[in-house]
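The following account leads the reader through one protein chain, beginning with its internal spaces and ending with its sheets and loops. Please keep the sequence and the model at hand while reading.

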Amino acid sequence: MARVLTPRAEDFPRWYQDLIAKAKLADNGPVRGTMVIRPAGYAIWERMQAEMDARIKAAGAENAYFPLFIPESYLKREAEHVEGFSPELAVVTHGGGKQLAEPVVVRPTSETVIGEFMAKWIDSYRDLPLLLNQWANVVRWELRPRIFLRTSEFLWQEGHTAHATRSDAQAYARKILHEAYEDLMVNVLAIPVVVGLKTTRERFAGATATFTCEGMMGDGKALQLGTSHELGQNFAKAFDISYSSAEGGREHAWTTSWGTSTRMLGGLIMAHGDDNGLRVPPRLAPVQAYVMVVKAGEGVGEAAAKLLDALRDAGVRVALDDRTDTPFGRRAVDAELRGYPVRVEVGPRDLAAGNAVVVRRTDGSKSPTPVADVVGAVLAALEADQRVLHDQALAHRQSRTVEVATLAEAIEAAATGWALVPWSAVGVAGEAEANGQGVTVRCLLRADGSVPDSEDEPDLVAILARAY
């Protein structure tokens with residue numbers, strides 16, 4: 001297995017590209033910066049989508065869909081927003097063989113077009129809160145593309161809400177942050193994210209506050225896995241999203257937006273993958289148990305089919321590999337690359353002894369198990385290995401995180417991991433200096449680890465790191 005992938009310790013970026021190719025997760029698209037998500041990768045995205053969608057709906061938001069094309073004038077109404085996205089915009093100037101009267105932008109995000117329709121749909125305080133989400137693609141012209149992490153087109157969900165009061169909008173932005181994003185990342189993706197406040201320099205264009213979920217990858221770098229934004233009344237005033245209050249006056253709404261994307265797939269690979277391939281957390285895995293026929297004959301196929309049914313009846317997501325015309329070793333390597341949490345290997349020799357072999361992806365352990373006990377063994381392994389992956393990722397983050405006192409120490413520590421440093425020792429000037437050396441302030445935390453409301457709060461802690 002060692003030479004199927006470039007070892008992570010030897011060349012982490014090459015290992016990442018190797019894994020995506022060899023596990024058949026995705027491929028580069030025909031236009032630079034685009035990607036083709038292959039069935040194995042898309043199956044994982046579908047599971048992420050389903051888990052996230054359920055959490056978003058539990059928070060009260062409803063799914064809708066808005067156009068891919070946005071009039072350029074819409075973006076110009078919120079000056080900070082268009083300025084923030086300007087280098088990334090893809091603009092269409094011709095359609096149907098003719099020059100367009102007004103150029104249209106291929107959506108980089110949908111605050112502006114959704115703001116236009118919120119203004120149309122909201123009239124009274126009784127129409128609030130308006131809680132919307134859409135699953136869509138967006139385009140941000142990427143100069144340094146990397147599959148899943150930074151591509152010119154990617155898939156995501158983007159939520160957009162309007163509220164009658166600032167406090168209600170603030171509470172909802174945090175509700176999504178913790179109950180949808182953090183919960184999914186920690187309890188399903190098994191990535192122990194740090195949740196914090198972005199600095200003014202790092203926050204979303206047009207927002208008044210941006211909250212983030214940051215994960216540490218296998219090489220010690222940070223990855224922003226999801227963000228939730230308080231937009232204040234910036235977009236409401238630009239698009240006249242207003243309502244009649246209970247007292248009869250006319251008030252501007254308070255809005256939020258929030259999003260996660262296929263970047264989570266890149267994070268999953270880099271947080272849990274090893275030199276043998278992907279390791280998919282059991283709660284997320286499209287295939288939790290992979291039943292493999294080692295060699296045909298002697299009742300092996302029949303026994304494998306029965307185990308498949310028994311596992312499915314127990315609620316396990318399961319698949320069968322009975323391709324005995326392909327060498328078993330090659331199939332086992334492919335299963336390791338794909339990261340199936342558990343393999344159940346059924347061969348003539350073990351079956352003659354009344355056993356099948358249960359193989360756990362987390363540690364590679366192989367346990368001959370009586371056929372009657374296989375379902376119980378698989379269920380126990382799935383439950384345990386969900387915790388194992390989280391705990392290993394947490395231990396890795398802790399081992400690569402240091403507390404320092406100065407900006408210089410933080411920049412030095414960011415070469416191998418994360419640095420915790422007093423925000424007062426960094427400040428706006430220090431943040432610019434760190435950026436000049438490829439280091440960013442990932443987020444700000446209170447001393448107790450909770451999420452601050454403002455970067456002006458006293459005694460805040462900054463996390464500095466190199467990032468994807």
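**Cavities, pocket, sheets and loops**

The largest cavity is lined by Glu111, Gly115, Met118, His160, Thr161, Leu231, Phe235, Ile241, Thr255 and Thr256. Three elements each give two or more residues to this lining, namely helix H5 (111–121), strand E8 (153–163) and strand E14 (254–261). Helix H5 provides the largest share, with three residues. By character, the lining of the largest cavity comprises four nonpolar residues, five polar residues and one charged residue. The space in this cavity amounts to about 60 Å³. The model discussed here is a predicted one.

How many cavities of 30 Å³ or more does the structure hold? There are two. The second largest cavity contains about 40 Å³ of space. Its lining consists of Arg279, Val280, Pro282, Gly339, Pro341, Arg361, Thr362, Asp385 and Leu389. These residues of the second largest cavity divide into four nonpolar, two polar and three charged.

The largest pocket holds about 1600 Å³ of space. It is lined by 47 residues, of which Glu88, Arg140, Arg150, Gln224 and Arg263 are the closest to its centre. Which elements each supply at least two residues of the lining of this pocket? They are helix H4 (79–85), E8, strand E11 (222–230), E14 and strand E22 (440–445). Strands E8 and E14 also give two or more residues each to the lining of the largest cavity. The lining of the largest pocket divides into 15 nonpolar, 17 polar and 15 charged residues.

A record helps to place part of the chain. In an unreviewed entry, UniProt lists residues 32–281 as "domain: Aminoacyl-transfer RNA synthetases class-II family profile". Over residues 32–281, helix accounts for 33% of the chain and strand for 32%. The C-alpha atoms at the two ends of this stretch are 31 Å apart.

The sheets may be considered next. Strands of a sheet pair through backbone hydrogen bonds, in either a parallel or an antiparallel manner. One open sheet has three strands in the order E4-E6-E5, with antiparallel pairing. Strand E4 (69–71) and strand E5 (90–95) each have a single partner strand, so they stand at the edges and one side of each is left without a neighbour in the sheet. Neighbouring strands of this sheet are turned against each other by 50° on average, direction ignored. E4 and strand E6 (residues 98–106) run antiparallel and are joined by three bridges. Within this pairing, proline 71 has valine 104 in E6 as its bridge partner.

A further open sheet is built from five strands in the order E16-E15-E17-E18-E19, and its pairing is mixed. Why is one side of strand E16 (318–321) and of strand E19 (366–370) left without a neighbour in the sheet? Both strands stand at the edges, and each has a single partner strand. From one strand of this sheet to the next, the twist averages 25°. Helix H10 (residues 328–338) lies across strand E15 (289–293), E16 and E17, and runs at about 175° to E15.

Within the five-stranded sheet, strand E17 (residues 342–346) and strand E18 (residues 355–360) pair in the antiparallel sense over four bridges. Arginine 343 has valine 359 in E18 as its bridge partner. E18 is also joined to E19, by five bridges, and these two strands run antiparallel. In that pairing, valine 357 stands opposite proline 368 in E19. E18 and E19 form a hairpin, with five residues between them. In the turn of this hairpin, glycine 364 has a positive phi of about 75°.

Two loops show particular backbone geometry. Leucine 128 and proline 129 are joined by a cis peptide bond, with omega at about -5°. Proline 129 belongs to the loop between H5 and strand E7 (130–139), and H5 is the helix that gives three residues to the lining of the largest cavity. The other loop lies between helix H6 (166–187) and strand E9 (194–197), and alanine 190 is found there. Alanine 190 has a phi near 60°, which is a positive value in a residue other than glycine.

Technical notes
Residues numbered from 1 in each chain as written. Predicted model: local features only at pLDDT ≥ 70, side-chain atom pairs only at ≥ 80, totals over all residues. Heavy atoms only, no water. Pairing = 2+ DSSP bridges. Axes fitted to C-alpha atoms, helices over the stretch in contact; angles between N-to-C directions. Contact = heavy atoms within 4.5 Å. UniProt positions renumbered as here; feature names shortened; annotations may be inferred. 1 Å grid on protein atoms, 1.4 Å probe; cavity = no way out; pocket = protein on both sides within 12 Å on 5 of 7 lines; lining within 4 Å. Points joined across faces, edges and corners; volume = space filled by probe spheres on them. Nonpolar A, V, L, I, M, F, W, Y, C, P; charged D, E, K, R; others polar.
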